[in-house]
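Open your viewer and keep the selection box at hand. This tour tells you what to pick and what is there.

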Amino acid sequence: MKSIATIKIDEKVYEFPILEGTRGPKVLDIRSFYKDTGMFTYDPGFTSTASCNSEITFINGEKGELRYKGYPIEELTEKYKYLDICYLLLNSKLPTHEQSIEFDNELRHRAFVDEGFQSLFNAFPRTAHPMAMLSSAVSALSAFYYDHVDISDESEFAQMSGRIIAKIPTLASLAYRRGLGIPIIYPDIDRYFTENFLYMLRAYPGGKMHRNINEKADTKISDIEVKALDTIFTLHADHEQNASTTTVRTVASTGAHPYGAISAGINALWGRAHGGANESVIAQLELIGNVKNVDKYIAKAKDPDDSFRLMGFGHRVYKNFDPRAKILKKLQDQLKDELNLDSRLLEIAHKIEDIALNDEYFIKRNLYPNIDFYSGVILTALGIPKNMFTTIFVIGRTVGWISQWVEFKKDKKAKIARPRQLYLGL
Ligand code: SDX
């Protein structure tokens, strides 16, 4: 039996259907609201608005629950590598052993970019932010693959998706190396996705990674480093209808090129209120500099007249611990000695956490550490500079964006995004 909501406006009663998903809150279907009532609904920031239906990621903010295609994030990070998660998001099922090898192999061969990209990156000033370079390069990809994706052709979706997932790490490494003014390193098809990214950051021209000349054997990228970064990519893979995914869907709704939509998503993610927070967390810990200064900055964060915010704290959806933060915190503890994490930054971070989790201001507002609070210390230990942190988020999230893009394109009822306004002008 369909449930109906009735709304009374100026003595007139209107009825609107209530829709129920497989998980999460029910939704009030107000698609006919303006036509029926002549009024708009009002929800800046979309705090109470479902913009679409989706089968990709489910979040329960009260319980601190996150699932990709129904699988709990805890199980996925424990048992699977990042490329298997990509396969799951793209195909709605985990790969068999053969499918996993085939997908891995495909992405290794798609990791290369047109030689023209070297001229593009050399055109940037060395001081350019890697996110500025990365979003430009991804937009440029639509010039090299201008053929519009035929949305009725499954194999085209697969090619278009595999291509962008495989090329983003290469483009991110080009941005990093441009910043240093050093020659590029081509992808190594003998290395798995995550190891290959670290290799493209670290290797010397010719592909050598000797730490010193009397080390004849190549300096290996350790399994623990690959596992740490692979876990970080998985934790960032998708996250429902966040600001950058909403941007990607909005661009998808106009019929623009998918790589133009991904570039728009990269720019939305760059903001410090969103994915840019991971870089700001480390900058903030360095600014605080010493545990003795933590109280001063906590007071600033609580001061309504001070725009200072505790970066890495708070979330629109999680009103409990971000489950990704819990996994990263555990990973931090595991890696503390193995990766020689910066104990000074860790000490400041733990002090912030101890105080904030017991302070009325944060408790009342359900402000908990989010994913960005913990990722930076691990990335720093992997030798990744903080201005590259949000490009790491991009590498992890690209599969989520492109999966949401494909889901939007397959929705026969999807419409161009075109909200209205409450006009206060003359
Ligand atoms: C990501 O949406 C996603 O899923 C994003 C993400 C993903 O995977 O895609 O999870 C990734 O973006 C994580 C969030 C990273 N951003 C930060 O860490 C930046 C710091 N946090 C915030 O600026 C803030 O918490 C947001 C942007 C994350 C959430 O903002 P909301 O939901 O709009 O909450 P709000 O700004 O309305 O704040 C509610 C109250 C306010 O106080 P009052 O006006 O009620 O007195 O909480 C306060 C805010 O001032 N507040 C903070 C705070 N965050 C919120 N006060 C101090 N420090 C903070 N960090």
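The stops below visit the ligand and then some helix pairs.

Before you start: this is a predicted model, where local features need pLDDT of at least 70, side-chain atom pairs count only at pLDDT 80 or more, and totals for chains, interfaces and linings use all residues. Residues are numbered from 1 along each chain as its sequence is written, and side-chain values use heavy atoms, with hydrogens and water left out.

**Stop 1: the ligand shell**

Select the ligand and the residues around it (a heavy atom within 4 Å). There are 23 of them, and H239, L310, H315, R324 and R397 come nearest. Color the shell by class: nine residues are nonpolar, seven polar and seven charged. Here Ala, Val, Leu, Ile, Met, Phe, Trp, Tyr, Cys and Pro count as nonpolar, Asp, Glu, Lys and Arg as charged, and the others, Gly among them, as polar.

**Stop 2: polar atoms at the ligand**

Select H274. An N or O atom of its side chain is 2.9 Å from a ligand oxygen. Next, pick G312, where a polar backbone atom is 2.8 Å from an oxygen of the ligand. Then go to F313: a polar backbone atom there is 2.8 Å from a ligand nitrogen. How much of the ligand does the protein bury? Of the 1100 Å² that the ligand exposes when taken alone, 74% is buried (Shrake-Rupley method, 1.4 Å probe).

**Stop 3: helices**

Select residues 130-144 (α6) and 154-180 (α7). Their axes come within 9 Å and cross at roughly 140 degrees. That makes α6 oblique to α7. Oblique covers angles that are not under 35 degrees (roughly parallel), over 145 (roughly antiparallel) or 65 to 115 (roughly perpendicular).

Keep α7 and add α11, residues 258-270. These two pack at about 40 degrees, axes 11 Å apart. They are therefore oblique to each other too.

How values were computed
Polar contact = N/O pair within 3.5 Å; in protein donor to acceptor, adjacent residues only side chain to side chain. Axes fitted to C-alpha atoms, helices over the stretch in contact; angles between N-to-C directions. Helix = DSSP H or I, 4+ residues; strand = E, 2+ residues; numbered from the N terminus.
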